[in-house]
Amino acid sequence: SVQPAKGEASDEDEETEYFDAMEDAPAFITVTADPKHHRRSGSNLSGASEGHPEDCNLEDNVFESANQTGYNESTCKDVLPKKRRRTRIPDKPNYSLNLWSIMKNCIGKELSKIPMPVNFNEPLSMLQRLTEDLEYHELLDKAVKCESSTEQMCFVAAFSVSSYSTTVHRTAKPFNPLLGESYELDRLDELGFRSLCEQVSHHPPAAAHHVYSKRGWTLWQEITIASKFRGKYLSIMPLGAIHLEFHSSGNHYVWRKVTSTVHNIIVGKLWIDQSGDIEIVNHKSKDKCQLKFTPYSYFSRDVPRKVTGVVTDADGKAHYIMSGTWDENMECSKIVQSNHGSTSSEGKQKTVYQTLAPKVLWKKYPLPENAENMYFFSDLALTLNELEERVAPTDSRLRPDQRLMENGKWDEANVEKQRLEEKQRAVRRRREAEAVEALEEGKDYEGYIPLWFERKVDPLTGELICVYKGGYWEAKEKQDWDLCPDIF
């Protein structure tokens with residue numbers, strides 16, 4: 001796997017290397033080349049431009065347009081009429097709770113099986129949090145315009161990192177969705193996409209997600225959350241592949257999420273870190289991007305929350321260096337030359353990449369005013385639980401305990417949460433009894449069948465995955481919700 005770059009050449013000194021000795025030594029370093037020298041002749045250019053100077057200019061235009069101003073401004077400014085969305089929710093009440101009395105019984109257990117009061121929650125469901133991955137959807141809109149697959153990969157990589165930016169201050173847990181709970185986000189007219197999530201399994205908890213964009217891409221995923229409480233910290237491991245396909249080119253990207261860790265569960269201020277590797281593969285062109293999320297180290301002089309990576313083509317040739325942090329921004333630098341550098345103290349030879357000046361692909365939007373009292377929600381997150389007409393009766397917006405909690409009525413929310421969970425347990429007991437009965441009679445028992453998704457074997461990964469089978473938006477148009485169970 002690719003190890004982190006140092007960023008600027010001036011940082012690459014003996015002292016820095018000493019601090020990095022605790023982790024794997026970096027496999028590559030980057031130095032910024034003289035852009036004038038490399039712009040004079042197309043033959044000196046490598047990577048997405050394939051040696052054509054005119055391609056380099058086109059690429060510059062696409063990359064330069066990646067700079068953004070903000071969720072409300074950049075994505076909505078040209079759309080008329082624009083629907084007014086809410087910009088605030090009630091402030092979080094100041095409830096005290098004996099954390100240890102609850103958590104001491106949780107050590108080593110699967111957190112999804114432990115009844116938790118809403119005091120640990122934020123007023124969004126896991127389905128809504130999954131939908132938040134689309135906050136920087138315009139990165140994919142820009143990726144559609146890329147003529148080069150390696151250049152497109154840079155935008156896809158930036159998008160895969162951007163979904164973590166909302167987590168940096170979000171230490172409260174989302175509501176576990178009830179089986180059959182759904183969540184739609186129809187922004188087809190405003191932002192060009194519509195999204196649908198459904199909770200398709202309760203144990204282990206799994207959510208299926210499908211997004212269609214009229215701007216030229218489709219994204220789908222089924223995510224199962226595995227979590228373990230380790231005493232001082234909580235590990236959250238999202239399992240499952242994310243698929244992204246571009247309509248015109250047929251480029252099909254697949255990647256998986258990294259591990260999230262919540263630290264200082266018992267004592268101190270909660271903080272979140274992301275660590276691990278993401279490998280993004282374009283199954284059509286065989287391009288790859290290896291991203292490394294460097295775990296926080298008290299002894300390291302690196303920038304915290306650092307993400308680095310390399311974009312390579314089917315032949316393994318490196319075209320771009322990705323660098324940045326998962327909570328602020330991602331840049332990409334075009335590689336113009338690579339050669340083997342000096343051997344490190346551990347005997348590993350480092351590759352030295354000469355790059356053009358980095359271009360900012362993604363920058364985090366500033367949080368809204370008073371965000372610290374509104375669960376650190378972004379502008380998009382503030383709109384996700386806003387009541388809307390004509391949604392399915394299983395939609396997370398209609399969940400009563402979550403609504404009470406958002407309105408600051410936490411005691412009533414806890415009572416309501418217990419009622420909903422008991423109702424769900426009763427349904428599960430009935431299904432288990434039906435399964436036993438079917439077994440005794442020698443019949444097959446299918447168990448829970450998702451409403452809007454169907455289980456299929458993924459031809460690329462070989463895994464069983466829930467994919468959208470259609471019907472939801474047609475049912476919404478007719479307001480025919482007979483399929484929906486009574487879960488609330």
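Visitor: How far is the sulfur of cysteine 146 from the closest cysteine sulfur, and which residue holds that one?

Guide: The closest one is in cysteine 154, 8.1 Å away from the sulfur of cysteine 146, and that's too far for a bond. Bear in mind that this is a predicted model.

Visitor: How many disulfides does the structure hold, then?

Guide: Zero. A disulfide here needs the two sulfur atoms within 2.5 Å, so 8.1 Å between cysteine 146 and cysteine 154 doesn't qualify.

Visitor: Is cysteine 146 buried or exposed? And cysteine 466?

Guide: Cysteine 146 is buried, with a relative accessible area of 10%. Cysteine 466 is buried too, at 1%.

Visitor: Let's zoom out. What's the secondary structure of the chain?

Guide: Twelve helices and 20 strands. The protein chain has 488 residues, and buried ones make up 54% of them. Taking contacts with a separation of 6 or more, 61% are between residues 24 or more positions apart.

Visitor: Which residues have the most contacts inside the largest nonpolar core?

Guide: That core has 64 residues, and the ones with the most contacts inside it are Trp217, Leu244, Trp255, Ile280, Leu291, Phe293 and Met322. Helix 8, residues 149–162, gives the most to this core, with eight residues.

Visitor: What does tryptophan 255 touch, sequence neighbours aside?

Guide: Leaving out anything within four places in sequence, tryptophan 255 is in contact with Val156, Phe159, Ser160, Gly240, Ala241, Ile242, Leu244, Ile278, Glu279 and Ile280. There's also a second, separate core of 16 residues, which includes Tyr448, Tyr472, Trp473 and Trp481.

Visitor: Which residues do ring pairs link into a cluster?

Guide: Trp452, Tyr472, Trp473 and Trp481.

Visitor: And how many aromatic pairs are found in the whole structure?

Guide: 13 of them. One of these is tryptophan 271 with tyrosine 296: the ring centres are 5.5 Å apart and the planes sit at 75°, so the pair is edge-to-face. Tryptophan 271 is in strand 12 (residues 271–282), while tyrosine 296 is 25 residues away in the loop between strand 13 (288–293) and strand 14 (306–312).

Visitor: How accessible are tryptophan 271 and tyrosine 296?

Guide: Both count as partly exposed: tryptophan 271 has a relative accessible area of 31%, and tyrosine 296 has 45%. Another edge-to-face pair is tyrosine 298 with phenylalanine 299, at 5.6 Å centre to centre and 85° between the planes. Those two count as exposed, with tyrosine 298 at 67% and phenylalanine 299 at 51%.

Visitor: Which ring does arginine 305 lie over?

Guide: Arginine 305 is over the face of tryptophan 326, 5.8 Å from the ring centre. Likewise, lysine 257 lies over the face of tyrosine 164, at 5.6 Å from the ring centre.

Visitor: Where is arginine 305 in the fold, and what's its phi?

Guide: Arginine 305 is in the loop between strand 13 and strand 14. Its phi is near 65°, a positive value in a residue other than glycine, and arginine 305 is partly exposed at 30%. Asparagine 264 has a positive phi as well, about 60°, and it's in the loop between strand 11 (259–263) and strand 12.

Visitor: Switching to prolines: which residue does a cis peptide bond join to proline 204?

Guide: Histidine 203, with omega at about -5°. Proline 204 is in the loop between strand 5 (193–201) and strand 6 (206–213).

Visitor: What about proline 93, what is it in contact with?

Guide: Tyr375, Gly408 and Trp410, leaving aside neighbours within four places in sequence. Proline 93 belongs to the loop between helix 4 (71–76) and helix 5 (99–103). Its C-alpha atom is 8.6 Å from that of asparagine 373, which is 280 residues apart from it along the chain.

Visitor: Last one: how do strand 19 and strand 20 run, and how many bridges join them?

Guide: They run antiparallel, with five bridges joining strand 19 (residues 453–457) to strand 20 (residues 464–468). Valine 457 stands opposite leucine 464 in strand 20. The hairpin has six residues between the strands, and glycine 462 in this hairpin takes a positive phi near 80°.

Note on methods. Residues numbered from 1 in each chain as written. Predicted model: local features only at pLDDT ≥ 70, side-chain atom pairs only at ≥ 80, totals over all residues. Heavy atoms only, no water. Helix = DSSP H or I, 4+ residues; strand = E, 2+ residues; numbered from the N terminus. Contact = heavy atoms within 4.5 Å. Buried < 20%, exposed > 50% of the residue type's maximum accessible area, 1.4 Å probe, protein only. Phe/Tyr/Trp six-rings, centres within 6.5 Å; stacked < 30°, edge-to-face > 60°. Lys NZ or Arg CZ within 6 Å of the ring centre and 35° of its normal. Core = buried A, V, L, I, M, F, W, Y, C linked by side-chain atoms within 4.5 Å. Pairing = 2+ DSSP bridges.
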